[in-house]
Amino acid sequence: DAELNKADAKRYNQMKLVKKGPFTMGTDAKLTKDGEDPERRVTLNDFYDVYEASNAEFARFVKATDYRTEAENFKNSFVLETLISEQTLSKITQQVASSPWWLPVDGADWLHPEGPDSNISKRLDHPVLHVSWNDAKAFCEWGGKRLPSEAEWEKASRGGLENRLFPWGNKLMPKGKHMVNIWQGEFPKGNSAEDGFIATCPCSFEPNKLGLYNTVGNVWEWVEDWYSTRHTSDAVQRPKEGKVKVKKGGSYMCHKEFCYRYRCAARSENSPDSSSSNLGFRC
């Protein structure tokens, strides 16, 4: 409990007010085929946002509810190959054909991010991983909160800036300064970790103007919405059904040549029961 309290204090868990009003959502830049376009003016009511849910916070939830994540029930989850120990690698016989760097690891879950021989003891203030959309939803309901809509997530991420690639502006490294936890080097052969992190990080870079950390890079974040590439100008009229959910923000695995999705407008999708070593959420 002492370690959990210390980790909670380091993350400053108070929620931040995002004031009502319009903002420009999406982009017409055609940087991906994920349905980021068209740019559209969207008006939202007041809402509150907070940082990526941490291992410490998720541990409190599990302790209070005895919740088991879907990765624990499935008894495996996907992990980036370069993060897996040689001992664990020797037992893996499958891979994702289209993404051979993703390996299904038996025993990988939120408590064991890289497999059964790993743990989170020194990562309590890092974002929780291997949580499905369903797991994130359960955590939010327990905490009296909810997942953001895609529009809410994007407005919070932008931090009040209009028509900018990133929460801080258009330059990836203003004045040569690292602002985001992404991949440096050639993906997936090796991450040089010039930004200071080989994988996830806690609240380590400058927050945006709303005081929110890591809204791009670090880990993908689930949002409430079903995924669609057709949009209306009314953010309330979101898809009422679908097969996959939206995730936003990119992760530490993103590289411009491979996954240019560490931008405010960027988006992707996954099935609600999916989990991996670069996927988390915020409330």
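Accessible areas here come from the Shrake-Rupley method with a 1.4 Å probe, and for residues only the protein chains shown count as cover. This is a predicted model, in which local features need pLDDT of at least 70, side-chain atom pairs count only at pLDDT 80 or more, and totals for chains, interfaces and linings use all residues. Residues are numbered from 1 along each chain as its sequence is written, and side-chain values use heavy atoms, with hydrogens and water left out.

Q: What share of the area that the chain exposes do carbon and sulfur atoms supply?
A: The chain exposes about 13500 Å². Of that area, carbon and sulfur atoms supply 50%.

Q: Which radius of gyration does the chain have, and why does it count as compact as a globular protein of that length?
A: The chain has six helices and ten strands (DSSP runs numbered from the N terminus: helices are H or I of at least four residues, strands E of at least two). The globule rule, 2.2 Å times the number of residues to the power 0.38, is compared with a radius taken over C-alpha atoms. For 283 residues the rule gives 19 Å, and the chain is close to that, so it is as compact as a globular protein of that length, with a radius of gyration of 18 Å.

Q: Is Trp142 buried, partly exposed or exposed?
A: Trp142 lies in helix H5 (residues 133-142). Buried means under 20% relative accessible area, exposed over 50%, and partly exposed in between (1.4 Å probe, protein chains only). The relative accessibility of Trp142 is 40%, so the residue counts as partly exposed.

Q: Which residues does Trp142 touch, not counting those up to four places away in sequence?
A: A contact means heavy atoms within 4.5 Å. Phe61 is 81 residues from Trp142 along the chain, yet their C-alpha atoms are separated by 7.3 Å. With residues up to four places away not counted, Trp142 touches Arg60, Phe61, Ala64 and Thr65.

Q: How many of the residues of helix H6 are buried?
A: Helix H6 covers residues 150-158 and is mostly covered. Its buried residues include Trp153, Glu154 and Lys155. The count of buried residues in H6 is nine of nine.

Q: Is Asn214 buried or exposed?
A: Asn214 lies in the loop between H6 and S7, and its phi is near 55°, a positive value in a residue other than glycine. Asn163 is found in the loop between H6 and S7 and counts as partly exposed at 44% relative accessibility. For Asn214 the relative accessibility is 9%, so Asn214 counts as buried.
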